[in-house]
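Visitor: Could you walk me through this one? I'm new here, so please take it a step at a time.

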Amino acid sequence: MYLENLDTNKISIFSSKFACPVSGFSIEEIEPRLFSFNAPQGACSECDGLGVEKYFDEYKIIPDETRSISDGAIKPWETKVFGYQKKYFVETIDKILKQFKVKKNVPWSEIPKKVKNIILYGDENSEINFLYDFEGIINFIDRKYEETERWWLQYELEKYLSERDCEVCNGYRLNEKALAVKIDENHIGNITKKSISECLHWFSSLESKLDKNNKKIAEGVIKEIKDRLVFLNRVGLDYLSLARASKTLSGGESQRIRLASQIGSGLTGVLYVLDEPSIGLHQKDNQQLIETLFRLRDLGNTVIVVEHDEDAIRQSDHIIDIGVKAGVNGGYIIAEGALKKILKNNKSLTAKYLNKSLEIEVPKNRRKFNKNKVFKLNKIKTNNLDNLNVTLPLGNFITVTGVSGSGKSSLIIDTLYQRLDEYFNKSLNKDESRFNFKGINHIDKVIDIDQSPIGRTPRSNPATYTGCFTPIRDWFANLNESSARGYKPGRFSFNVKGGRCESCEGDGVKKIEMHFLADVYVECDICKGKRYNRETLEVKYKDKSISDVLEMTVEEGYKFFDKIPAIKQKLQTLMDVGLDYIKIGQSATTLSGGEAQRIKLSKELSKRSTGKTLYILDEPTTGLHFDDVKKLLKILHTLVDEGNTVIVIEHNLDVIKTADHIIDLGPLGGVKGGQIVGTGTPEDIANNKKSFTGEFLKKIL
């Protein structure tokens, strides 16, 4: 056949190199770094491998569409962002509204879309003569953000930023060359978006599709990949996607990922220390975690676990029980040895709960579901939630349960709390339908009591956070010695000049910046950690200075100020939540997440109850002993007895069994979750054959 006789419409041209002879698109030699978003060769050039881009969100700039422009619909106008140019924008927008015959006092939602776009993005098509230099509000803010060197202005503008998938790489983080390489019609981005269990299935099915030669080539690689996926699966992380950002992982999830990597390394003779690896783990996956720790031990390693989980304690080879209580009342080894030996120890508080001589009891009567006092959330599609409608019986103790990744936080933190916070604190539009909920008349405020620090500097402490320090300073200021010297309450504050040590500015410690390492705090060499100057420390009550009071434990302070109700009451609430052992002036940087959460709870307890507050707690039993859980439950149920509603996201069965109402999500995690498996009393859930939570509840009820 001669070339001139060929039908050119039916010819396909191929290249033996990684190049397209038609478009000119080519790929250099394929190597691992091409598929890394941390390497310049593989990262998307638009988002630098982050997979997301920030943009100024119209809905944050106009948060309340029921307001008119003249009534402040444009949120940034309340700030100094526009400066002297605000007048120009106001006059120009007035002209635009006049041009299109739109009244100034009309709500933003009723302004035609075309006019909105001109106001926000400028007149791109040059339809209006006087708008030749009008760039629009969003373009103006965007330019300001890029050009300004003033940190406060950038900070102010960041309030209006949102994140979305990068438009170039669609959130895959990689450039077009990396995404052009495909296996079984999937590029690497498609694979990393799958959950770990889906990945495991995909790689298993891939082996059966390969011919003999390719199977031989890929055999070793697929084995290594599958081994690692199996390790992640075994520690209860099957619902996570491989592309999940590390900042979105909980502490327990991060720890279990590191644990899986250690098992995969196959090291022996290593001492592993894990701090509460069961955090955030459902009972269904708990045994898998324990078996994983056994495998690590059986490789020839030593595994030390700091844990409160009963299953983990019972299956340990050796137990060290420290106590008897916490803080200054603890620090002693109470019991040591195998489980049988521990159970016989009469001094051990842990043993008493393990042998059931002490226990958290199931309530004899549960609060009723009042159909006339409910809060309904509708059309919930947050993350993996499957368009849920949820009814919350108010005035009840509610627990939200389900396996890890089933959507508990998405429902309560990302949806319920966010909508109520927006309603109460950010929006002037109080229309229930706008927020897709009903029954707001039964709630006056929402409080999320989380485990974030109460402060990030040594100056923050329980006394200042709970408001206990104000009456303490007032008391010292009213002493005869203070009156004689003319001292006011401010003299006893370490936050202002006058009575504090100026060398450390009232911190009691000095920060040494280490540049390449974490900052180090050392005791102030002038005040020796006392925070105050010599003259202030000379004022004493019962032979104790203000610094001595801050060094007291809560229990010691409670006895010391026994005759002063204003101080005693504040300290009582800290004791009620089991924090009698912490120091009154203990630095916030030394408090655990659980301690910080209970300090916040004590602050709420000290306030006058309205009986219409909704409290939200996410796994409050983290880091708590059985006895601490018992104290915590007593406090939470007291709040409910006053008419309030408490919602707890929890895996701890001792908490779940005391609930009035349970919302169980699942059935599994990730894409296989996001549905309501069952609702009702613990007994209802225990009899629900579809519920994994019910399966374990049934054993203890």
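**A charge over a ring**

Guide: Let's start with a side chain and a ring: Arg491 lies over the face of Tyr487, at 4.3 Å from the ring centre. Keep in mind that this is a predicted model.

Visitor: Which ring does Lys542 lie over?
Guide: Here a lysine sits over the face of a ring, 5.3 Å from the ring centre. A charge counts as over a ring if NZ of Lys or CZ of Arg is within 6 Å of the ring centre and within 35 degrees of the ring normal. The ring under Lys542 belongs to Phe560.

Visitor: Let's step back. How many helices and strands are in the chain?
Guide: The C-alpha atoms fill a box of roughly 110 × 75 × 60 Å along the principal axes. Within the chain, the count comes to 27 helices and 19 strands.

Visitor: What share of the 701 residues in the chain is buried?
Guide: Buried means under 20% relative accessible area. With that cut-off, the buried share of the 701 residues is 45%.

Visitor: And what share of the contacts joins residues at least 24 apart?
Guide: The contacts that go into this are those between residues at least 6 apart in sequence. Among them, the share joining residues at least 24 apart is 62%.

Visitor: Back to the rings. Why is the pair of Trp77 and Phe82 edge-to-face?
Guide: The structure holds 21 aromatic pairs. In the pair of Trp77 and Phe82, the ring centres are 6.3 Å apart and the planes stand at 85°, so the pair is edge-to-face. Planes over 60 degrees apart count that way, and the value here is 85°.

Visitor: How far apart are the ring centres of Tyr88 and Phe89?
Guide: Tyr88 and Phe89 have their planes at 75°, so they make an edge-to-face pair. Tyr88 is partly exposed at 31% relative accessible area, while Phe89 is buried at 2%. Their ring centres are separated by 5.5 Å.

Visitor: Which residues form one aromatic cluster with Trp77 and Phe82?
Guide: Trp77 and Phe82 are both buried. Tyr88 and Phe89, the pair we just met, belong to the cluster, and Phe134 and Phe140 do too. So the residues that join Trp77 and Phe82 are Tyr88, Phe89, Phe134 and Phe140.

Visitor: Are helices H2 and H3 roughly parallel or roughly antiparallel?
Guide: The axes of H2 (residues 86–99) and H3 (residues 113–121) come within 11 Å and cross at roughly 160°. That angle makes H2, relative to H3, roughly antiparallel.

Visitor: Is the crossing of H2 and H3 left-handed or right-handed?
Guide: Where they touch, Ile93, Ile96 and Leu97 in H2 meet Val115, Ile118 and Ile119 in H3. The crossing of H2 and H3 is right-handed.

Visitor: Which helices do the buried residues of H17 pack against?
Guide: H17 covers residues 469–477, and its buried residues are Phe469, Pro471, Ile472, Arg473, Phe476 and Ala477. These buried residues pack against H16 (462–466), H18, H20 (546–550) and H22 (565–576).

Visitor: What is Lys376 in contact with, leaving aside its neighbours within four places in sequence?
Guide: Lys376 lies in strand E9, residues 374–380, and is partly exposed at 37% relative accessibility. The C-alpha atoms of Lys376 and Glu28, 348 residues apart along the chain, are separated by 57 Å. With those sequence neighbours set aside, the contacts of Lys376 are Val390, Thr391, Asn436, Phe437 and Lys438.

Visitor: What is phi of Asn383 near?
Guide: Asn383 is in the loop between E9 and strand E10 (388–393). Asn383 is exposed, with a relative accessible area of 59%. Its phi is positive in a residue other than glycine, near 50°.

Visitor: Where is Glu505?
Guide: Glu505 also has a positive phi, near 55°. Glu505 is partly exposed at 41% relative accessible area. Its place is the loop between helix H18 (480–485) and strand E14 (509–512).

Visitor: Last one! Which residue does a cis peptide bond join to Gly666?
Guide: A cis peptide bond joins Gly323 and Val324, with omega about 10°, and Val324 is in the loop between strands E7 (319–323) and E8 (332–337). At Gly666, omega of the cis bond is about 0°. The partner is found in the loop between strands E18 (661–666) and E19 (675–680), and its name is Pro667.

Terms used
Residues numbered from 1 in each chain as written. Predicted model: local features only at pLDDT ≥ 70, side-chain atom pairs only at ≥ 80, totals over all residues. Heavy atoms only, no water. Phe/Tyr/Trp six-rings, centres within 6.5 Å; stacked < 30°, edge-to-face > 60°. Buried < 20%, exposed > 50% of the residue type's maximum accessible area, 1.4 Å probe, protein only. Axes fitted to C-alpha atoms, helices over the stretch in contact; angles between N-to-C directions. Helix = DSSP H or I, 4+ residues; strand = E, 2+ residues; numbered from the N terminus. Parallel < 35°, antiparallel > 145°, perpendicular 65-115°, else oblique. Left-handed = near helix turned anticlockwise from the far one by under 90°. Contact = heavy atoms within 4.5 Å.
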